[in-house]
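The following exercises are to be worked with the sequence and the coordinates at hand. Each task is followed by a solution in steps.

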Amino acid sequence: MAGVIAGVGLQPKWMASPQLQTSSASCVNGNGRFRIRMVVSSVDEKEKTYTVQKSEEAFSKAKELMPGGVNSPVRAFKSVGGQPIVIDSVKGSRMWDIDGNEYIDYVGSWGPAIIGHADDEVISALAETMKKGTSFGAPCLLENVLAEMVISAVPSIEMVRFVNSGTEACMGVLRLARAFTGRMKIIKFEGCYHGHADPFLVKAGSGVATLGLPDSPGVPKSATHDTLTSPYNDIAAVENLFNSHKGEIGAVLLEPVVGNSGFIPPKPDFLTALQQICKENGALLIFDEVMTGFRLAYGGAQEYFGITPDLTTLGKIIGGGLPVGAYGGRREIMEMVAPAGPMYQAGTLSGNPLAMTAGIHTLKRLKEPGSYEYLDKITGELIQGILNAGKKAGHAICGGYIRGMFGFFFTDGPVNNFDDAKKSDTSKFARFYRGMLEEGVYLAPSQFEAGFTSLAHTPEDIQQTIAAAEKVFGRI
């Protein structure tokens, strides 16, 4: 454990309210291997008033330039109200907006920042890689290195194809599953989100759930004709679909732990039963581990639960904060992908050296002893503290966590699927969200999104967050 947390939280924490002046001195040993930094601060005792005036001005201009003022819908704060904050910089567990407000961040760029934002080793490695160029459009050795790391870590992956996003990974894996089985129908689960490709925008989660959209205009019926849906955690519903479409279903695709309807773990034996049903019916089991990959365990949810799917999608963490995605699985299946086989998929920036570099150094850090034990410890303390504070204040609330992933709902629960999640008091969540923002805590701006911790979060961050939650619960 000490090997992981020894370097966590050593940089000074710039709080939102105080005005700080610092001076520092460094001492480096003969090998250049450690640095002692002394920080002297003078604090203006007058508390700074929380304001987002600059964010308001910037976002008002953004709405004239981009649809809704954003490049991904959930960022617009539609479901929580209030003013979206415009971020200026991030470091470790912290982020700062353009008004100078500081926040403890539990979004982590929606998952990639598992070792903390702007990690010094990752930044240094990227700087060295950039000297050689940002993109080659040709094979590079770094692709081999990251591919070997992924294959050695993820139980289901014998070969891997890198792409540029989780959406692209899911598009590729769907085409591959259909090509391999010769069957067009797939089963997905209500509230699970697999990117914005047409076949997946049926009872989807994430921003689709956040905005309350039933589906998306512009998606032809023909694109979703072969997409069958089932409630998550309902094995009987899955069996009924296979019985109704014998010999037609090529794959079952799911988030092994749902993160795009909020945090919803599988019931005991649900994943095992899915695997058995797929084997009995000649269908492929696909885990979308874009969110859970390298977060629940070094080998992802499949390592954590001991269930090996046929195919897997990855993203987020394997790019260390740069755009990336991947899909992989059994060699006999993956060898259908062009140019080894006839299933075509390509990408201009796929496997680019910057994403590969960031991914390599992020995975190296995660492989250090104690990483996932630390995530488990701090996330458990965080979610238990929030739940206790909410219940003490008289609110209906439930939630849970696994390692570095967590969530909670404003309902008594239990929450086992998207219909259960929709029972949450979203107006109360919106008030809680805005209150936490003013207290310097940045959560995902939607009831229907999971939260994330990182190796950079300190015990002090967790206690500060719980204290903020106690204040806000008392006000709402």
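**Exercise 1. Cysteines and disulfides**

Determine how many disulfides the structure holds, and state whether Cys192 and Cys398 are buried or exposed.

Solution. The model is a predicted one. A disulfide requires a pair of cysteine sulfur atoms within 2.5 Å. Applied to this structure, the search returns zero disulfides. The next step concerns accessibility, where buried means under 20% relative accessible area. Cys192 has a relative accessibility of 0% and therefore counts as buried. Cys398, at 13%, is likewise buried.

**Exercise 2. The hairpin of β15 and β16**

Describe how the side chains of strand β15 are arranged, how β15 is joined to β16, and which residue of their hairpin takes a positive phi.

Solution. Step one follows β15, residues 398-402, along its length: the side chains alternate between two faces. Cys398, Gly400 and Ile402 point to one face and are buried, whereas Gly399 and Tyr401 point to the other and are not. Step two turns to the pairing. β15 and β16 (residues 405-409) run antiparallel and are joined by five bridges; Gly399 has Phe408 of β16 opposite to it. Step three examines the turn, where two residues lie between the strands and Arg403 has a positive phi near 50°.

**Exercise 3. An open sheet and its edges**

Give the strand order of the open sheet of four strands, and explain why one side of β5 and of β17 is left without a neighbour.

Solution. The order is β5-β6-β7-β17, and the pairing is mixed. β5 (87-91) and β17 (441-442) stand at the edges with a single partner strand each, so each has one side without a neighbour in the sheet. Within the sheet, β6 (residues 94-97) and β7 (residues 102-105) are antiparallel and share three bridges. Met95 is placed opposite Tyr103 in β7.

**Exercise 4. Salt bridges**

Find how many salt bridges the whole structure contains, and analyse the pairs Glu102 with Arg94, Asp420 with Lys423, and Arg475 with Glu439.

Solution. The search of the whole structure gives 15 salt bridges; the criterion is a side-chain nitrogen of Lys or Arg within 4 Å of a carboxyl oxygen of Asp or Glu.

1. Between Glu102 and Arg94, the closest N and O atoms are 3.1 Å apart. Both residues are buried. These two residues also belong to a salt-bridge network with Asp461.
2. Asp420 and Lys423 meet with an N to O distance of 3.5 Å. Asp420 is buried at 14% relative accessible area, while Lys423 is exposed at 59%.
3. Arg475 and Glu439 meet at 3.2 Å, N to O. This pair links distant parts of the chain, 36 residues apart: Arg475 is in helix α16 (residues 459-475), and Glu439 is in the loop between α15 (426-438) and β17. With a relative accessible area of 25%, Glu439 is partly exposed.

**Exercise 5. The two sides of helix α9**

Establish where the buried residues of α9 fall around its axis, and which elements are included in what covers them.

Solution. Helix α9 (residues 270-281) has twelve residues and spans 17 Å from first to last C-alpha, close to the 16 Å expected. Its buried residues include Phe270, Leu271, Leu274, Gln275, Ile277 and Cys278. Seen down the axis, the buried residues of α9 fall within an arc of 165°, so they line one face of the helix. Among the elements covering them are β9 (185-189), α8 (235-244), β11 (249-254), β12 (284-288) and α10 (300-305). The face turned away from the buried side carries the exposed residues Lys279 and Glu280. After the helix comes Gly282, with a positive phi near 65°.

**Exercise 6. Backbone details in loops**

State where Pro339 and Pro414 lie, and what phi Ala118 and Lys316 take.

Solution. The bond from Ala338 to Pro339 is cis, with omega near 10°, and Pro339 lies in the loop between α11 (331-334) and α12 (353-366). Gly413 and Pro414 are also joined by a cis peptide bond, with omega about 5°; Pro414 is in the loop between β16 and α14 (418-421). Ala118, in the loop between β7 and α3 (120-130), has a positive phi near 50°. Lys316, in the loop between β13 (311-315) and β14 (325-329), has a positive phi near 45°. Ala118 is partly exposed at 28% relative accessibility, as is Lys316 at 23%.

Methods. Residues numbered from 1 in each chain as written. Predicted model: local features only at pLDDT ≥ 70, side-chain atom pairs only at ≥ 80, totals over all residues. Heavy atoms only, no water. Pairing = 2+ DSSP bridges. Buried < 20%, exposed > 50% of the residue type's maximum accessible area, 1.4 Å probe, protein only. Expected span 1.5 Å × (residues − 1). Arc of directions from axis to C-beta. Contact = heavy atoms within 4.5 Å.
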